[in-house]
Amino acid sequence: MERSLSMELVRVTEAAAVSAARWMGRGLKNEADDAATEAMRTVFDTIPMQGVVVIGEGEMDEAPMLYIGEELGTGQGPEVDVAVDPVEGTNIVASGGWNALAVIAIADRGNLLNAPDMYMDKIAVGPEAVGKISIDATVTENLHAVAKAKNKSIDEVVATVLNRERHAKIIEEIRAAGARIKLIDDGDVAGAINTAFDNTGVDIMFGIGGAPEGVIAAVGLKCLGGEIQGRLIPSNDEERERCEKMGIDVTKVLYMDDLVKGDDAIFAATGVTDGELLRGVQFKGGFSETHSLVMRSKSGTIRFVEGRHSLKKKPNLVMQD
């Protein structure tokens with residue numbers, strides 16, 4: 001892939017984040033998602049690549065744009081798989097909560113798992129604990145493995161978990177082991193990525209969330225040298241049959257190379273609302289300010305990008321050249 005593609009993708013997530021942030025705290029999650037999706041789709045048309053959406057807003061008959069199979073880019077440049085989440089955390093934006101992101105992940109064509117839209121059980125850690133954890137081990141065993149890898153006592157370890165009733169046993173076991181918990185209401189892409197940044201204070205992520213988000217998080221952790229493991233959890237026969245047609249064994253543990261193959265992938269995210277890692281969009285009298293993260297696995301480069309955008313020169317909050 002072209003090196004310059006990294007910064008081009010930041011323009012896409014910036015546009016989506018600025019558009020979604022207008023809806024922060026207004027209780028209208030669909031409007032926030034629609035605004036971000038339209039902005040993201042518009043800017044994609046200016047990006048020099050031959051992209052195909054493998055993880056997007058749904059099937060062609062379910063989503064007007066950024067649907068699975070849609071072609072993105074100018075039609076010139078590298079052939080890539082594209083995974084998008086215009087707003088990772090629509091409920092967060094609607095409530096004005098913590099850690100909503102606009103996110104993109106790309107890899108060379110054929111290298112991203114075309115994950116069906118269903119649940120995935122996940123465990124994620126940063127670089128220091130790579131190879132030390134297992135989704136088949138107990139929560140307690142994984143907590144002690146991370147503590148040892150990071151030279152911490154167990155009561156210094158922080159696990160992040162989506163605040164869902166289905167995670168009651170995980171939360172109970174974390175507390176019984178003596179570790180601490182950071183519960184998140186939504187947004188487990190940020191939860192997984194945060195395990196690779198010491199300043200977030202998060203050491204490990206447990207729990208069940210969306211499978212597409214698992215693939216996006218895997219690209220981010222590949223860039224960071226971290227690890228995520230997953231196992232699909234079909235909730236009915238229809239989802240199970242879909243996995244069979246796609247050739248996915250639902251009993252199999254999905255490791256990093258199953259989720260994202262090859263040595264070249266790019267992850268870009270812009271904060272919509274404030275979070276541990278990225279600040280949310282701020283509007284300041286005709287300008288907006290954005291805070292983004294862009295990473296490439298091949299080079300190992302990690303960039304934090306601060307942007308200031310003239311809203312007068314960019315109608316409809318969409319950044320176009």
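Is lysine 312 buried or exposed?

These exercises use a predicted model, in which local features need pLDDT of at least 70, side-chain atom pairs count only at pLDDT 80 or more, and totals for chains, interfaces and linings use all residues. Residues are numbered from 1 along each chain as its sequence is written, and side-chain values use heavy atoms, with hydrogens and water left out.

**Exercise 1.** Classify lysine 312 by its accessibility.

Solution.
- Place the residue. Lysine 312 lies in the segment after strand 13 (301-310). Strands (E, at least two residues) and helices (H or I, at least four) are DSSP runs, numbered from the N terminus.
- Recall the cut-offs. Buried means under 20% relative accessible area, exposed over 50%, and partly exposed in between (1.4 Å probe, protein chains only).
- Apply them. The relative accessible area of lysine 312 is 74%, so lysine 312 is exposed.

**Exercise 2.** Describe how helix 1 packs against helix 2.

Solution.
- Find the helices. Helix 1 covers residues 5-21 and helix 2 covers residues 29-44.
- Take the geometry. The angle is about 155°, and the axes are 7 Å apart. Axes are lines fitted to C-alpha atoms, for helices over the stretch in contact, and angles run from 0 to 180 degrees between N-to-C directions.
- Name the arrangement. Helix 1 is therefore roughly antiparallel to helix 2 (under 35 degrees is roughly parallel, over 145 roughly antiparallel, 65 to 115 roughly perpendicular, the rest oblique).
- List the contact (heavy atoms within 4.5 Å). Helix 1 gives Leu9, Arg11, Val12, Ala15, Ala16, Ser19 and Ala20; helix 2 gives Ala32, Ala35, Ala36, Ala39, Met40, Val43 and Phe44.

**Exercise 3.** Place alanine 20 and find its contacts.

Solution.
- Locate the residue. Alanine 20 is in helix 1.
- Check the accessibility. Alanine 20 has 0% relative accessibility, so alanine 20 counts as buried.
- Look around. Leaving aside neighbours within four places in sequence, alanine 20 is in contact with Ala32, Ala36, Val87, Val93 and Val272.

**Exercise 4.** Which residues does histidine 167 touch, not counting those up to four places away in sequence?

Solution.
- Start with the position. Histidine 167 sits in the loop between strand 6 (158-162) and helix 5 (168-177).
- Add the accessibility. Histidine 167 is buried because its relative accessible area is 0%.
- Finish with the partners. Not counting residues up to four places away in sequence, histidine 167 touches Val161, Leu162, Gly207 and Ile208.
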